[in-house]
Amino acid sequence: MRLLALDTSLDACSVAVLDGAGEDARLTQASEVLGRGHAERLMAMIGEVMAEAGATFASLDRIVVTTGPGSFTGLRVGLSAARGIALVVGAPAVGVTTLAALAEAGRRSAAFDPARPVHAVIAAKGNEVYVQGFAGDGTPLDAPRVAEVSALAAALAEGDQLFGSGAASVATCAAQRGLVVLGDAGWPDICCVARLGRAATAPEGPPEPLYLRPPDAKPAVRDTRLLA
């Protein structure tokens, strides 16, 4: 299988071409921390990575994209690109959540203990995080959700493992119980996104964004008094 993987869900803009099966599959990747401007950079980065990998769009068997949680604008950029490319080349588009990709990175950490769960934790606004727990084999233990740092810290068991931008704050809040921080990455590793996407079952429809909270922007309210 040859696939194209995209991630614009958080601060990084990342692209990879994964060619082959197993751990020895050839991976060509690029990643830039942008914060903003994913839409302006993504298509050029896709072209650069595809050229380096010696791949053509016609040769792609699958398109993989992160679906969230993450930036509303960033998610739309990646999903729109993935859906468009999939439609043109006639290949399925597969979604991978940012939390699953972060947990996979944690599982690949040298300090990871497969006997303990790993919780992917993304820092959100205020004292909140996006979180989801996974078993040592990568099986989800619960649904993605928004949680307060203190509430999550109180709910986790001694020795549980954390990975992501919100991991340190949760571990600090539960310092007496010895939570293990495997890493504090602020965005998914595109290698993990690609490998999870390769293993996923192709859905019948296009991937949809995973939003765990409403957008901050609100539509303008028309003041009818001015029309009287």
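**Ile122, its sheet and the helices around it**

A good place to enter this predicted model is Ile122, which is part of strand E6. The relative accessibility of Ile122 is 3%, and since buried means under 20%, Ile122 counts as buried. Leaving aside residues up to four places away in sequence, Ile122 touches Leu10, Pro69, Thr98, Leu99, Leu102, Val129, Tyr130, Ser165 and Gly166. Among these neighbours, Thr98, Leu99 and Leu102 are buried residues of helix H3. Ile122 also has a partner in space that is distant in sequence: Gly164 is 42 residues away along the chain, yet the two C-alpha atoms are separated by 5.5 Å.

The strand that carries Ile122 can now be placed in its sheet. Strand E6 spans residues 118–123 and is joined by six bridges to strand E7, residues 128–134, with the two strands running antiparallel. One residue pair to look for on screen is His119 with its bridge partner Gly133 in E7. Together with three further strands, E6 and E7 form an open sheet of five strands, ordered E8-E7-E6-E9-E10 and mixed in its pairing. The edges are taken by strand E8 (145–148) and strand E10 (180–183); each has a single partner strand, so one side of each has no neighbour in the sheet. On average, and with direction ignored, neighbouring strands of this sheet are turned by 35 degrees against each other. In general terms, the strands of a sheet pair through backbone hydrogen bonds, in either a parallel or an antiparallel manner.

Helix H3 comes next, as it lies across E6, E7, E10 and strand E9 (161–163). Relative to E6, H3 runs at about 125 degrees. Of the ten residues in H3 (residues 98–107), eight are buried, so this helix is largely enclosed by the rest of the structure. The buried set consists of Thr98, Leu99, Ala101, Leu102, Ala103, Glu104, Ala105 and Gly106. Glu104, a residue of H3, deserves a closer look. With a relative accessibility of 11%, Glu104 counts as buried. Apart from residues up to four places away in sequence, Glu104 touches Cys192 and Leu196.

A helix pair offers another view of the packing. Helix H1 (residues 38–53) packs against helix H2 (residues 72–89) at an angle of about 35 degrees, and their axes are 10 Å apart. The crossing of these two helices is right-handed. On the H1 side the contact involves His38, Ala39, Leu42, Met43 and Ile46, which meet Val77, Gly78, Ala81 and Ile85 of H2. By type, the residues of this contact divide into seven nonpolar and two polar, with no charged residue. As a general point, an α-helix has 3.6 residues a turn, so residues three or four places apart point the same way.

Stepping back to the whole protein, the secondary structure comes to six helices and ten strands. The radius of gyration is 19 Å, close to the 17 Å given by the globule rule for 228 residues, so the protein is as compact as a globular protein of that length. Along the principal axes, the C-alpha atoms fill a box of roughly 70 × 55 × 30 Å. Buried residues account for 45% of the 228 residues. Among contacts with a separation of 6 or more, 60% are between residues 24 or more positions apart.

Conventions:
Residues are numbered from 1 along each chain as its sequence is written. This is a predicted model: local features need pLDDT of at least 70, side-chain atom pairs count only at pLDDT 80 or more; totals for chains, interfaces and linings use all residues. Side-chain values use heavy atoms; hydrogens and water are left out. Buried means under 20% relative accessible area, exposed over 50%, partly exposed in between (1.4 Å probe, protein chains only). Helices (H or I, at least four residues) and strands (E, at least two) are DSSP runs, numbered from the N terminus. Two strands pair if DSSP finds at least two bridges between them. Axes are lines fitted to C-alpha atoms, for helices over the stretch in contact, and angles run from 0 to 180 degrees between N-to-C directions. Contact means heavy atoms within 4.5 Å. A crossing is left-handed if the near helix is turned anticlockwise from the far one by less than a right angle, and right-handed if clockwise. Ala, Val, Leu, Ile, Met, Phe, Trp, Tyr, Cys and Pro count as nonpolar, Asp, Glu, Lys and Arg as charged, and the others, Gly among them, as polar. The radius of gyration is taken over C-alpha atoms; the globule rule is 2.2 Å times the number of residues to the power 0.38.
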